[in-house]
Amino acid sequence: MRVLILNQFFYPDHSATSQLMTDLAESLVERGVEVTALAGRSRYNGGAPLPPHASYRGIQIERAWATSFGKGSAAGRLSDYLSFYVGAAWMLARLPRHDVVMALTTPPLIGLVALVVGRARGMRSVALVEDVYPDIAVALGALGPRNPLTRALDYLGRLILRRSERIVVLGDCMRERILAKLGESAAGRIDVIRNWADRAQFEQSRDRENPFIAEHDLKDRFVVLFSGNLGRVNEFETVLEAARILHDSREILFLFVGEGARCAEIKSFGERHGLENLRLLPYQPREAVPHSLAAGHALLVTLAEGLAGLSVPSKAYAILAAGRPILYVGDRRSDVARMVEEEGCGAVVAAGASEQLARIITDWANDRAKLQELGQRARLLFEKRFCRERAVTAYLKTLEGSLGASRRDQLAATAGLKEKAP
């Protein structure tokens with residue numbers, strides 16, 4: 001089987017979708033699938049452009065030209081999106097034919113390229129919904145619900161999902177959102193495949209000295225850690241107010257590791273209130289992430305109110321792999337909130353409940369035995385439900401399921417011949 005993954009970012013970019021799709025592509029190659037990644041040449045947070053052609057661990061990487069104005073302005077981001085649509089369409093038309101094109105939602109509506117160009121060349125289409133558009137933009141106030149652009153984007157988004165052979169969503173809540181758009185007739189084409197963390201990556205760092213703790217002088221601190229994109233989908237007001245409430249508890253440190261649209265807001269809050277218990281650090285290299293997560297005692301996952309099912313914080317699975325309790329803040333309807341409450345691997349706090357959040361943090365800081373128990377539950381849950389191997393098996397089933405019966409039979413016959421060959 002030949003699979004093409006279509007997403008704006010891929011290895012060596014450090015964005016969440018890039019890392020996840022790189023993991024998936026590596027594992028598919030190990031299972032005998034030929035994988036091509038079609039991405040852009042720019043990086044998520046800027047920097048030197050990437051080469052147009054590359055290979056990595058058996059994956060062929062093709063990068064389409066597009067503008068690289070970045071996220072500084074709406075016009076620049078729109079230019080980056082539109083030019084990537086054109087560049088990706090041109091390359092998809094010229095690349096060797098694949099059996100399946102799996103398109104993510106980065107950027108929104110890139111699945112339309114997979115449908116139009118891929119379908120014209122006889123390729124099957126799988127839509128991987130990382131974020132639900134334009135619903136997420138409406139929920140964040142970036143678009144009005146009756147805006148003509150909103151209606152046009154919604155129409156095209158529904159078209160992509162209706163015409164795709166299979167739809168992958170990241171959780172049950174997101175599945176409910178998609179069914180509300182498409183109707184129950186689409187239920188048989190929707191597969192729930194949750195994101196994951198790499199067991200091997202975390203195993204390698206578990207029994208070693210943690211250089212991140214020493215480097216940032218965290219040895220005697222109780223670290224409340226947020227790691228990842230500091231974006232508009234996050235709920236930070238409650239967390240920042242809890243930091244202000246606990247400003248006299250010198251042993252407690254609120255550490256934000258990452259970058260994003262709300263980085264300046266967090267920094268400004270700390271300066272305005274003179275908070276010495278609040279610190280920001282830039283993104284860490286991927287190989288350092290297990291160490292940075294292990295330096296935290298309570299690890300934050302936040303989601304703005306109204307975004308449950310529209311966006312899924314994939315950082316939760318890395319936290320579980322690190323064996324740390326999740327401190328979830330925000331929309332309680334999300335899959336992560338449900339999981340934390342059902343599995344007892346952390347705590348869930350509603351948006352605005354800063355005093356409750358501060359009390360939980362104080363209790364955890366004073367009861368390390370309870371903290372250790374929560375962390376053990378988190379790790380056991382990861383092993384049971386969110387390891388990489390489990391997710392890859394599910395994706396392989398979805399990709400094979402998108403093929404017609406004749407093509408599946410042909411691939412099975414080819415595989416049988418290879419096994420019999422001397």
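Reader: What makes Ala 264, Lys 267, Glu 271 and Arg 272 on α10 exposed?
Author: Exposed is over 50% relative accessible area, buried is under 20%, and partly exposed is in between (1.4 Å probe, protein chains only). Ala 264, Lys 267, Glu 271 and Arg 272 are exposed, so each has over 50%. This is a predicted model, where local features need pLDDT of at least 70 and side-chain atom pairs pLDDT 80 or more, while totals for chains, interfaces and linings use all residues. Numbering runs from 1 along each chain as its sequence is written, and side-chain values use heavy atoms, leaving out hydrogens and water.

Reader: How do you know that the buried residues of α10 share a side?
Author: α10 is a helix (a DSSP run of H or I, at least four residues; strands are E, at least two; both are numbered from the N terminus). In α10, residues 263–272, the buried ones are Ile 266, Phe 269 and Gly 270. Their arc, taken from the directions from the helix axis to the C-beta atoms, is only 95 degrees, so they sit on the same side of α10. Their cover includes α9 (237–245), β10 (252–257) and β11 (278–281).

Reader: Why is the set of 106 residues called a nonpolar core?
Author: A nonpolar core joins buried Ala, Val, Leu, Ile, Met, Phe, Trp, Tyr and Cys through side-chain atoms within 4.5 Å. The largest one reaches 106 residues, and Leu 6, Met 21 and Ile 326 are among those with the most contacts inside it. Helix α12 (residues 315–321) gives the largest share, 6 residues. Leu 6 touches (contact is heavy atoms within 4.5 Å) Leu 38, Phe 84 and Met 102, among others.

Reader: What makes the space lined by Thr 105 and Val 129 a cavity?
Author: A cavity is a set of points on a 1 Å grid over the protein atoms alone where a 1.4 Å probe fits but cannot get out; lining residues have an atom within 4 Å of a point. The structure holds 2 of 30 Å³ or more. The largest has about 200 Å³ (probe spheres set on points joined across faces, edges and corners). Its 18 lining residues include Thr 105, Val 129 and Gly 157, which are among those nearest its centre, and α5 supplies the largest share, 3 residues.

Reader: How many of that lining's residues are nonpolar, polar and charged?
Author: Ala, Val, Leu, Ile, Met, Phe, Trp, Tyr, Cys and Pro count as nonpolar, Asp, Glu, Lys and Arg as charged, and the others, Gly among them, as polar. That divides the lining into 13 nonpolar, 3 polar and 2 charged. For the second largest cavity, the split is 2 nonpolar, 4 polar and 2 charged.

Note on methods
1 Å grid on protein atoms, 1.4 Å probe; cavity = no way out; pocket = protein on both sides within 12 Å on 5 of 7 lines; lining within 4 Å. Lists of a residue's contacts leave out its neighbours within four places in sequence.
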